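Please open the structure in your viewer and keep the sequence beside it, so that each selection can be followed in both. The tour below moves from one selection to the next and says what is there.

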Amino acid sequence: MAFGARTLWLLLSLGILDSTSHAGTVLPRDTVPKGFEAISYYPTPHGGWVPSWKDAYAKAQALVSQMSLAEKTNITGGAGIPCVGNTGSALRLGFPQLCLQDSALGVASTDNITAFPAGITTGATWDKDLIYARGVALGKQFRGKGANVFLGPTVGPLGRKPLGGRNWEGFGSDPVLQAIAGALTVKGVQEQGVIATIKHLVGNEQEMFRMYNVIQPGYSANIDDRTLHEIYLWPFAEAVRAGVGAVMSAYNAVNGSSCTQNSYLQNGILKDELGFQGFVMSDWFAHISGVDSALAGLDMSMPGDTMIPLFGNSYWKHELTRAVLNGSIPLDRLNDMATRIVATWYKLGQDKNYPRPNFSANTKSEDGLLYPGSASPPWGQVNWFVDVQEDHHLIARQVAQDGTTLLKNYDSLLPLPISARIKVFGTGAAVNPDGANACLNKACNKGTLGMGWGSGVADYPYFDDPISALRRRSSNIQFYDTDSYPNPPTNGTDAAIVFISSDAGENTFIVEGNHGDRDKSRQKTWHNGDDLVRRVAEKFENVIVVVHTVGPINLEPWIDMPSVKSVLFAHLPGQEAGEGLARIIYGEVSPSGHLPYSITHKETDLPDSIANLRGFAFGQVQDTYSEGLYIDYRWLNKKGIKPRYAFGHGLSYTTFDFSAATIKSVTPLTNFPPAREPKGPVPVYSDDLPDASEAYAPAGFKTIWRYLYSWLPEKEANEAHAIGVARRPGYAYPVGYNQNQTAGPESGGGEGGNPALWDTAYELTVTIRNAGGKHSGRAVAQAYVQFPAGIPYDTPIVQLRDFAKTKELALGGEETVTLKLTRKDLSVWDVNAQNWVVPRPEARFTIWIGEASDNLGVACYTDTGACEVGAKRPV
Ligand code: NOJ
């Protein structure tokens, strides 16, 4: 692996270069709370048994069976330049290095790309077509730059903790919103031939203490089986169902066992129950063992080095070669690892005319070191500045606009007439004066906040800031580019727009005292934003607050002030921060975003387990999901706590009537889904121990300093081989380890799980009419399930299951939208049966339809097939 100057920050900030460890944690596993201990699941199920992957696996088998041992191990780990991660190749057989590149919102560390709005803004659009279109555009741009693997979308963190640092990379604090948006992104990206990566499996819900080092293991997310299935795994299952090619294992542990070597998660849940056919990579430097991780189902080590990079050390590469030769890792497992990687490459059609990377994540110059990790020649061209933007700024702008969420609009202050005299306050209205890309990895909050910080960012090709977009429309604007109240002359009729923000990001950087998570600022706005709003609202009668934020903020310091009439959450708009917002402010379009999380009155409205971050502990930090299924609105509803604004809330300049709802049973339900199909055939290879010569380096081959290779010196290869022949690997295998492939669990059977789980159980329609007086607009219909009373499972009062957004409805215009609920939507995960169960299929499930989780005006009943408007609301 190689690192240039641009990537050194990552190592330093991860604390890697400070660490004295090179071999991972040496401490025994910590004790996790009773009932949460990780169980073993062996062996790794072979890939290839799902019919839609059959051809890709057949081709992969043909190629892998020609590979030498060292070629197989070479493609499973990092090998440097020019992307954030690169695999080794098997060029003799035409298999190239794969380029793996961030980020989930645009091609990172390069030029001529689009910096799309973040996931959280995308989720706030609640627009399936638009989410998909963003995925298509992302896919085209990654392909255009020659990146084989898109390191997104992010669906874990799910947003369990409002203060969590990377929630903004994902789509919102609900498994179904997150799942639908994640799967549509996967589909859009992969239709362009780019391998998508769903990440991070799983429980990566806070940034602090996430990584393993010699002093401390990464925290343990302690998640019970039902909560794992019904909440955190749900988006991953949907992505696997959409055919996602790659999964990234998280830094942290789950139930005491590090995700990258957690056999229950990778072998059991992901590869057997969810039938995942692609490959699993480690998060960067999350790989902490050689044999254990391989046996536990990891397929690719990223970026390939041990925790201390730059010294040519790896847990795999030559060590994986050795471990196979000496019999510690069965050849069968390595064959499966290599086959999964090659099959995914074929499945996405990358064997045909796929471009090679034409950019370098290490430098922006045209020429650079060809092997930057070695810090020595040769030099050559590394950047070709390929422009992949097409007209994707229009998609970015549409997302920024349609995600913008109007929380309050008292007196219909918005939209403003074009003649309005406006005073604009706050540095957040204008681009960072030092330049839009001035801060490395956006690790600062200066100027308009378009994205959070860390690896989940991209360079802005330009930045359309709000003040410029407002000024394009009106010359009646006075801008005070300060976060302190400037005491301007007031005129009662002037409108005042105040820009405030709240930032967060990855734990690799500390920004204004925040360690990735918002541990310092918490939900208070940054740069004294609350004071600014208060001061403005004391002097002006018509105040609009625009919030750029990674997640919920506390609105209480000013939300009830009579002059604070309108509040717009613009979330994180990316490069197109101006135009869509200005269009909304001046009424060229009605806002149509809806909140992808709830905003509570106070942090303690949520239980401690999710309201607070886990702090330092001796040993392993324990993050126990004691709230179970009850995050966000699920908790608030259970406790009867009214939020300030509920999940799903969002106003328009018009109002909508929901009427004429229908519900139709499509697939009759039984308690359990129909039995799964048996697994199909998988590639079969010879089990013979490879000859030691398959590990020898070619005679005269010159290695490059600090790069990773999969060959062994002849002597070492021979010694390892002798141990393998004698069947004396001497390795202390984990409890429960065995090599017998099984039929797989009853809950499995296809990608994502038993295919019958996606049978449509009920189809609903509802007619939505623009019933307002003046404006056209778009409505969102949200469908929530309420399980029958008296079932033997505790279930949240309502849970989102589907949504649909209308087209632009003119005054009086209407549209009938369709919503679908699958068998899985009406099931609970039964921990004893280890299957999805529809409790009492004949009983009354109520499907609530409305505009927010607390505004559900239409009820449809599965037992009678009737729907009514005006039923007593569930919350
Ligand atoms: C660490 C992050 O957690 C992950 O999301 C990212 O893709 C890798 N680094 C590579 O930058």
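Which residue forms a disulfide with Cys 83, and how far apart are their sulfur atoms? Select Cys 83 and Cys 99 together: they form a disulfide, and their sulfur atoms lie 2.1 Å apart. Please keep in mind throughout that this is a predicted model.

**The disulfides**

A disulfide is a covalent bond between the sulfur atoms of two cysteines. While the pair is still selected, look at where each partner sits: Cys 83 is in the loop between α3 (69–74) and β1 (85–86), whereas Cys 99 is in strand β2 (residues 99–101), so that the bond links distant parts of the chain, 16 residues apart. If you look along the S-S bond of Cys 83 and Cys 99, the torsion is -105° and the link is left-handed. Cys 83 has a relative accessible area of 5% and counts as buried because that value is under 20%. Cys 99 is buried as well, with a relative accessible area of 1%.

Next, select Cys 439 and Cys 444, which are joined by a disulfide with an S to S distance of 2.0 Å. Here the torsion about the S-S bond is about 95°, so this disulfide is right-handed. Cys 439 counts as buried, at 18% relative accessibility.

Now move to Cys 860 and Cys 867, a disulfide whose sulfur atoms are 2.1 Å apart and whose link, with 110° about the S-S bond, is right-handed. Is each partner buried or partly exposed? Cys 860 is buried, with a relative accessible area of 0%, while Cys 867 is partly exposed, with a relative accessible area of 24%.

The count comes to 3 disulfides, and when the bonded cysteines are counted along the chain, the pattern is 1-2, 3-4, 5-6. You may also select another cysteine, Cys 259, which counts as buried at 0% relative accessibility.

**The largest pocket**

Select Ala 79, Ser 89, Leu 91, Gln 97 and Tyr 371, and look at the space around them. The largest pocket has a volume of about 930 Å³, and of the 41 residues that line this pocket, the five you have selected are the closest to its centre. Which element gives the most to the lining of the largest pocket? It is α3, with 3 residues. If you colour the lining by class, you should find 25 nonpolar, 11 polar and 5 charged residues.

**The salt bridges**

Side chains of opposite charge can pair when their charged atoms come close. The count of salt bridges comes to 50, and the next selections visit some of them.

Begin with Asp 127 and Arg 778, whose side chains meet in a salt bridge at 3.0 Å, N to O. This pair links distant parts of the chain, 651 residues apart, with Asp 127 in the loop between α4 (119–125) and α5 (128–144) and Arg 778 in the loop between β20 (760–770) and β21 (780–786). Both Asp 127 and Arg 778 are buried.

Then select Lys 128 and Asp 802, which form a salt bridge with their closest N and O atoms 2.7 Å apart. Lys 128 is in helix α5 and Asp 802 is in strand β22 (residues 799–805), so far along the sequence that 674 residues separate them. Asp 802 counts as buried, at 7% relative accessibility, whereas Lys 128 counts as partly exposed, at 29%.

Go on to Asp 459 and Lys 442, a salt bridge in which the closest N and O atoms are 3.9 Å apart. Both residues are in the loop between β13 (422–425) and α14 (466–471), 17 residues apart, and both Asp 459 and Lys 442 are buried.

For a larger selection, take Asp 464, Arg 472, Arg 473, Glu 579, Arg 583 and Glu 588, which are linked in a network of salt bridges.

**An annotated stretch**

Finally, select residues 779–853, where UniProt, in an unreviewed entry, places the feature "domain: Fibronectin type III-like". In this model the chain over residues 779–853 is 0% helix and 48% strand, and the C-alpha atoms at its ends are 14 Å apart.

Note on methods:
Residues are numbered from 1 along each chain as its sequence is written. This is a predicted model: local features need pLDDT of at least 70, side-chain atom pairs count only at pLDDT 80 or more; totals for chains, interfaces and linings use all residues. Side-chain values use heavy atoms; hydrogens and water are left out. A disulfide is a pair of cysteine sulfur atoms within 2.5 Å. Helices (H or I, at least four residues) and strands (E, at least two) are DSSP runs, numbered from the N terminus. Buried means under 20% relative accessible area, exposed over 50%, partly exposed in between (1.4 Å probe, protein chains only). On a 1 Å grid over the protein atoms alone, a cavity is a set of points where a 1.4 Å probe fits but cannot get out, and a pocket is an open set with protein on both sides within 12 Å along at least five of seven lines; lining residues have an atom within 4 Å of a point. Grid points are joined across faces, edges and corners, and a volume is the space filled by probe spheres set on the points. Ala, Val, Leu, Ile, Met, Phe, Trp, Tyr, Cys and Pro count as nonpolar, Asp, Glu, Lys and Arg as charged, and the others, Gly among them, as polar. A salt bridge is a side-chain nitrogen of Lys or Arg within 4 Å of a carboxyl oxygen of Asp or Glu. UniProt positions are given in the numbering used here, feature names are shortened, and annotations may be inferred rather than shown by experiment.
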